[in-house]
Amino acid sequence: MVQIENEKKSRISFSQRLFWSVFFMFLGFTVCFLLFQYQREKEFARDKLNGVLGNYNYQLFRKCQQGADIGESVCAFLKDIPHKDLRVTIIDPSGKVLFDNSGTEEFNNHNDRSEVREARLRNRGFAIRSSESTGKRYFYSASNIGGYIYRSALPFDPYVKWVLTVNKDFIYFMILMMLIFFFVLSRFTFSIGKTIARLRDFALNVEKDQIPAVDYVFPNDELGDISRNIVTLYHQQQKAKNELSMEREKIIKHFQYSKEGFAMFTSEGREILSNILFIQFMNVISDIRIHQAEEAIEVPDLGPINEFLNKNIRSSNRKRKVMRESVTIDKNGKIFLIECILFLDNSYEISINDISRQEEESRMKRQLTQNVSHELKTPVSSIQGYLETILDNPDLSPEKRQFFLERCYSQSTRLTGLLRDISVLNRLDEASEMFELSEVNITKLVTEIEKECSKEMEEKHITSEVILPGDPTVIGNASLLYSIFRNLYDNAIAYAGENIKITVNCYKEDPKYYYFSFSDNGTGIPEEHINRIFERFYRVDKGRSRKIGGTGLGLSIVKNGVNFHKGQISAKSGPGKGVTFFFTLKKRLR
């Protein structure tokens with residue numbers, strides 16, 4: 001990783017590489033062109049001077065043809081031309097110098113001179129060299145005319161140098177063009193490099209997951225369009241990815257916090273997803289320990305599910321539709337509904353629902369219906385029997401008639417109380433949001449209940465002690481709070497016995513809750529009944545309860561009233577130890 005980072009730091013950017021690559025290519029082309037053009041200009045200058053001297057050679061030939069003496073002809077020729085310092089040489093076919101005006105008397109054979117050799121081969125030749133005869137540097141031009149070489153030569157003086165000088169205008173032009181090209185290319189590659197740098201920066205930020213909030217600005221060209229499309233596609237992909245991730249997270253959270261066990265599997269039985277409840281429920285069902293969701297399908301109790309999967313996954317005749325199979329298992333005191341859904345790609349999911357509570361509620365509803373019917377039947381039968389006695393005996397004495405009417409009224413009062421209690425419980429179960437909330441002073445409420453129950457308490461010599469420090473006040477439903485404390489008083493007065501003491505105590509307070517205890521020192525309740533006293537119509541002593549006239553719903557109303565106020569209630573007792581109820585009430589329900 002370090003080596004890669006070092007390479008990134010030392011490497012040349014793409015725009016610079018592009019610029020220098022194109023620039024050096026153009027520079028190489030320019031240099032080659034300049035060299036080529038320079039050579040052409042140089043050859044052109046030589047050809048030009050060679051042409052002038054070649055023309056002199058032909059003029060000299062014509063002069064020599066017209067005169068008898070070569071020397072006189074040459075002198076006449078030199079008078080007619082502007083170049084008075086022109087050196088003239090005439091060479092015969094054997095290479096012997098017939099005439100030369102340089103003043104040298106002895107000459108070697110001139111056939112070995114380069115311009116002479118070239119002239120004999122091509123009729124014309126030129127050379128720039130130093131003379132072996134005079135030691136001076138000349139520009140020679142030789143012409144082969146009839147086998148004789150007529151050679152003209154100009155000293156390599158300023159004039160000749162000027163004639164042979166190459167015109168450098170094209171060099172300046174190319175330098176200007178190179179500068180313009182350099183400027184245009186730098187601007188072009190800078191724009192490309194800037195776009196690529198932004199795109200690279202975007203890619204690095206994507207890699208680091210650090211996309212800046214500002215938008216990337218690209219130039220208005222094709223490369224900018226491509227870059228903008230890449231960024232737009234990335235943002236669209238990220239948006240879709242985030243939405244998909246969010247939905248996936250929702251689904252996973254839903255499964256994790258679901259009240260049912262859930263697991264998904266591939267067609268080969270490998271786990272895709274499962275929640276904790278699935279393993280927990282499977283360990284309740286299975287006789288052996290289950291550690292992985294994939295082990296669940298081998299549990300014998302899931303035999304029907306296993307057969308369903310084997311039959312349909314491996315079947316070539318299976319219809320292309322989603323299939324479902326379910327089985328109910330009663331195991332270890334729990335009742336589970338297990339459902340398997342087989343999808344089109346042969347992946348499948350298994351869900352486990354604990355329906356023990358639903359079954360228990362169904363059982364309790366059936367039992368409640370039976371209890372309500374039974375509880376209603378008793379007072380109705382009594383009222384009907386008393387009225388039939390009155391109707392069947394017209395001569396019944398007024399005392400007897402009054403006795404039966406009082407019994408009818410007593411039973412009708414009991415029936416009214418029973419219906420009222422049932423109505424309260426139904427409202428708590430089905431329409432608890434309909435209860436109005438208000439500020440209720442618990443001290444004042446308990447004081448009023450004490451006054452209402454004072455007559456019954458005096459008859460049984462029952463005393464009451466109320467310990468409510470801080471004057472507790474609850475924002476809740478006044479009717480339900482009244483029912484909680486009134487039913488606890490009525491229950492103690494009815495069943496605790498005589499010469500007892502009732503104590504109401506708010507023994508603790510925190511920012512959200514009040515903690516109450518309601519106790520008596522009466523006869524108490526046997527331990528085997530203490531966990532069921534809050535059930536509807538449950539009676540510890542059925543005969544004694546009906547004789548006293550209770551409905552069997554009082555403590556059930558107490559529990560539901562406490563639950564409505566976001567609290568919990570429990571009880572402890574023992575024979576001869578009295579009963580103590582511990583419950584909490586939330587200070588504010590709104």
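These questions and answers walk through a predicted model of one protein chain.

Biologist: What should I know about the numbering and the model?
Modeller: Residues are numbered from 1 along each chain as its sequence is written. This is a predicted model, where local features need pLDDT of at least 70, side-chain atom pairs count only at pLDDT 80 or more, and totals for chains, interfaces and linings use all residues; side-chain values use heavy atoms, with hydrogens and water left out.

Biologist: How many helices and strands are there in the chain?
Modeller: Both are DSSP runs numbered from the N terminus: helices are H or I with at least four residues, strands are E with at least two. By that rule the chain has 16 helices and 17 strands.

Biologist: What percentage of the residues in the chain is buried?
Modeller: Buried means under 20% relative accessible area, exposed means over 50%, and partly exposed lies in between (1.4 Å probe, protein chains only). The chain has 590 residues, and the buried share is 37%.

Biologist: How many salt bridges are there?
Modeller: A salt bridge needs a side-chain nitrogen of Lys or Arg within 4 Å of a carboxyl oxygen of Asp or Glu. By this rule the count is eleven.

Biologist: Which residue meets D80 in a salt bridge, and is D80 buried or exposed?
Modeller: D80 has 53% relative accessibility, so D80 counts as exposed. D80 sits in helix α3 (residues 70–80), and its partner sits in helix α2 (residues 14–66), 17 residues apart. That partner is partly exposed at 26%. The N to O distance is 3.1 Å, and the partner is K63.

Biologist: Which residue forms a salt bridge with R87?
Modeller: R87 is buried at 3% relative accessibility. R87 lies in strand β1 (residues 87–91) and the partner in strand β2 (residues 97–100), so the pair ties together parts 13 residues apart in sequence. The partner is also buried, with a relative accessible area of 10%. The closest N and O atoms are 3.1 Å apart, and the partner is D100.

Biologist: Which residues share a salt-bridge network with E115?
Modeller: E115 and R151 meet in a salt bridge at 2.9 Å, N to O. E115 is in helix α4 (residues 114–122) and R151 in strand β5 (residues 148–155), 36 residues apart. E115 is buried at 0%, and R151 is buried at 2%. Shared partners join E115 into one network with R129 and R151.

Biologist: Which element gives the most residues to the largest nonpolar core?
Modeller: A nonpolar core is a set of buried Ala, Val, Leu, Ile, Met, Phe, Trp, Tyr and Cys residues joined through side-chain atoms within 4.5 Å. The largest one has 37 residues, and F485 and F583 touch the most other members. Elements giving two or more residues include β14 (501–509), β15 (513–520) and β17 (578–586). With seven residues, the top contributor is α14.

Biologist: Which residues beyond its sequence neighbours does F583 contact?
Modeller: Contact means heavy atoms within 4.5 Å. Neighbours within four places in sequence are left aside. The contacts then include I484, L488, Y514, F518, V562 and F485.

Biologist: In what order do the strands of the five-stranded open sheet lie?
Modeller: Two strands pair if DSSP finds at least two bridges between them. The pairing is antiparallel. The edge strands, β7 (271–274) and β8 (323–331), each pair on one side only. The order is β7-β6-β10-β9-β8.

Biologist: Which residue of β9 stands opposite T328?
Modeller: Nine bridges join β8 to strand β9 (residues 334–342), and the two run antiparallel. Opposite T328 in β9 stands L337.

Biologist: At about what angle does helix α9 run to β9?
Modeller: Axes are lines fitted to C-alpha atoms, for helices over the stretch in contact, and angles run from 0 to 180 degrees between N-to-C directions. Helix α9 (residues 303–313) packs on the sheet and touches β8, β9 and β10. Its direction makes an angle with that of β9 of about 5 degrees.

Biologist: Why do the buried residues of α9 line one face, and which are they?
Modeller: An α-helix has 3.6 residues a turn, so residues three or four places apart point the same way. Seen down the axis of α9, the buried residues fall within an arc of 95 degrees (taken from the directions from the helix axis to the C-beta atoms), so they line one face. On the other side, E307 and K311 are exposed. The buried residues are I305, F308, L309 and N312.
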